[in-house]
Amino acid sequence: MIDQLKQKLGEVTENESLASHTTFKIGGPAKYFFEAKTKDDLVKALQTAEELKIDYFLLGGGSNLLVSDQGLDGLTIKQSNTTFKITDDKVYTESGALVVDVLDKTLESSLVGWPWAAGLPGTIGGAIRGNAGAYGKAMSDITESVEIYQKGKVNNFTADKLGFKYRHSVIKETPGMIVVAVNLKLKKGSTEEVKKDKDQVKIYNDRRENTQPLDLPNSGCVFKNIDLTKIKVDKAKVIKGLDITEEEYAEATKFDKLPVSYILDRLGLKGKTIGGAQVSEKHGAFVVNTGEAKAEHVIMLISDIKMRVRNELGIQLMEEVQYLGF
Ligand SMILES: Cc1cc2nc3c(=O)[nH]c(=O)nc-3n(C[C@H](O)[C@H](O)[C@H](O)COP(=O)(O)OP(=O)(O)OC[C@H]3O[C@@H](n4cnc5c(N)ncnc54)[C@H](O)[C@@H]3O)c2cc1C
């Protein structure tokens with residue numbers, strides 16, 4: 001297989017460590033690994049995997065992943081296609097560009113409208129697929145259209161065809177739908193508006209720095225917050241389990257969400273450690289890699305937490321992080 005892949009794609013390596021391609025710094029080797037430096041490379045790699053009937057995984061910034069210690073079979077395609085173009089207020093960016101780089105460049109060109117993306121790890125492709133966002137805003141707010149590879153061809157989809165919802169899109173639920181490039185819609189800002197966005201970017205970056213354990217490898221929030229508009233919880237049980245008053249419950253859930261970091265803090269689970277995996281002291285919804293964490297440690301820690309929360313509050317926590325190779 002390696003010879004066929006090399007013949008079609010050129011440089012394909014074997015047993016590339018995926019730990020070095022994820023923000024968690026965890027994960028075994030990719031059997032075959034190819035870095036797509038252009039959109040054409042990316043399309044070719046996808047077509048080749050389909051032609052050769054080999055499983056593939058498309059890697060962005062690796063900021064939402066827990067890769068197993070055994071690694072991944074098949075072909076891992078790393079997106080390093082970062083071509084980017086601004087024409088007036090139109091922004092065209094390939095999928096492998098980092099969100100934070102695109103944000104910087106658009107602000108340099110006086111385009112405003114998405115300071116909320118400050119400090120958002122990962123690529124444009126990953127962000128579109130999961131409709132990444134912060135502070136009540138998301139990629140769907142600034143996306144005009146998306147070039148998508150599917151079954152050998154690339155087609156342009158307007159944003160309204162992509163079923164964007166909270167941290168969700170049609171792309172996420174349709175295997176084989178791959179973002180290769182995106183057209184963003186932003187606004188040409190006045191000097192004051194640009195300054196306002198730049199100031200806001202700094203505020204959001206500082207906020208992440210102050211509230212998230214950015215000094216240790218992690219994969220963001222491991223669990224989804226409990227959306228009380230969709231999930232029914234036994235309020236009396238939660239209040240008793242968390243040992244809080246009615247008023248404290250009302251305060252904690254004032255945005256119709258029960259934050260996981262709040263739950264884990266109240267249950268005394270912050271700092272809980274298995275091997276090199278630890279529930280962050282700084283932000284309870286993050287698991288950090290204190291140095292030598294294996295995927296196995298993270299999985300055991302997550303399982304323990306889920307069981308405690310299930311038993312004590314009657315709530316089933318759901319993972320935000322994506323498992324790969326398990
Ligand atoms: C410290 C930290 C803070 C975070 N804060 C936030 C936050 O505030 N808001 C938020 O929404 N998320 C947050 N995240 C999670 C993460 O940044 C997002 O989910 C991000 O959009 C993932 O992009 P990625 O390129 O890293 O994707 P990866 O982790 O590499 O991949 C994730 C999934 O997307 C798929 N994918 C990647 N590229 C494409 C593509 N071009 N087409 C189709 N599928 C693709 C992959 O195959 C995989 O299934 C945070 C993560 C960290 C580590």
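This report walks through a predicted model, taking in its ligand shell, a helix pair, a one-sided helix and a buried valine.

## Around the ligand

Let's start with the ligand, which has 32 residues around it. The ones that come nearest are Gly-60, Gly-122, Gly-125, Gly-126 and Gly-220. Several elements give two or more residues to this shell: strand E3 (56-59), helix H4 (124-129), strand E9 (133-134), strand E13 (178-185) and strand E15 (218-221). Helix H4 gives the most, with four residues.

What classes of residue make up the shell around the ligand? Sort them and you get 19 polar, eleven nonpolar and two charged residues.

## Helices H1 and H2

Two packed helices are described by the angle between their axes and the distance between the axes. For helix H1 (residues 2-9) and helix H2 (residues 39-51), the angle is about 145° and the axes sit 10 Å apart. The crossing of H1 past H2 is right-handed.

If you want to look at the contact itself, pick out Leu-5, Lys-8 and Leu-9 on the H1 side, which meet Lys-44, Ala-45 and Thr-48 on the H2 side. By class, the residues of this contact are three nonpolar, two charged and one polar.

## Helix H3 and its buried side

Helix H3 covers residues 99-108, and its buried residues are Val-99, Val-102, Leu-103, Thr-106 and Leu-107. Why do these residues lie on the same side of H3? Because they cover an arc of only 130° around the axis.

So what covers them? The cover for the buried residues of H3 includes strand E6 (84-87), strand E7 (90-94), strand E8 (111-112), H4 and helix H6 (191-211). H4, one of these covering elements, is also the element that gives the most residues to the shell around the ligand.

After H3 comes Ser-110, and its phi is positive, near 65°.

## Val-279 up close

Val-279 is found in strand E19, which runs over residues 277-279. Is Val-279 buried or exposed? Val-279 counts as buried because 25 other C-beta atoms lie within 10 Å, and the cut-off for buried is 20 or more.

Now for its partners. Leaving aside neighbours within four places in sequence, Val-279 is in contact with Leu-264, Leu-269, Lys-270, Gly-271, Lys-272, Gly-284, Val-287, Leu-301 and Ile-305. As for Val-298, it is 19 residues from Val-279 along the chain, and the C-alpha atoms of the two are separated by 9.4 Å.

Definitions and conventions: Residues numbered from 1 in each chain as written. Predicted model: local features only at pLDDT ≥ 70, side-chain atom pairs only at ≥ 80, totals over all residues. Near = placed C-beta within 6 Å. Nonpolar A, V, L, I, M, F, W, Y, C, P; charged D, E, K, R; others polar. Axes fitted to C-alpha atoms, helices over the stretch in contact; angles between N-to-C directions. Left-handed = near helix turned anticlockwise from the far one by under 90°. Contact = placed C-beta atoms within 7 Å. Buried ≥ 20, exposed ≤ 12 C-beta atoms within 10 Å, placed from the backbone. Arc of directions from axis to C-beta.
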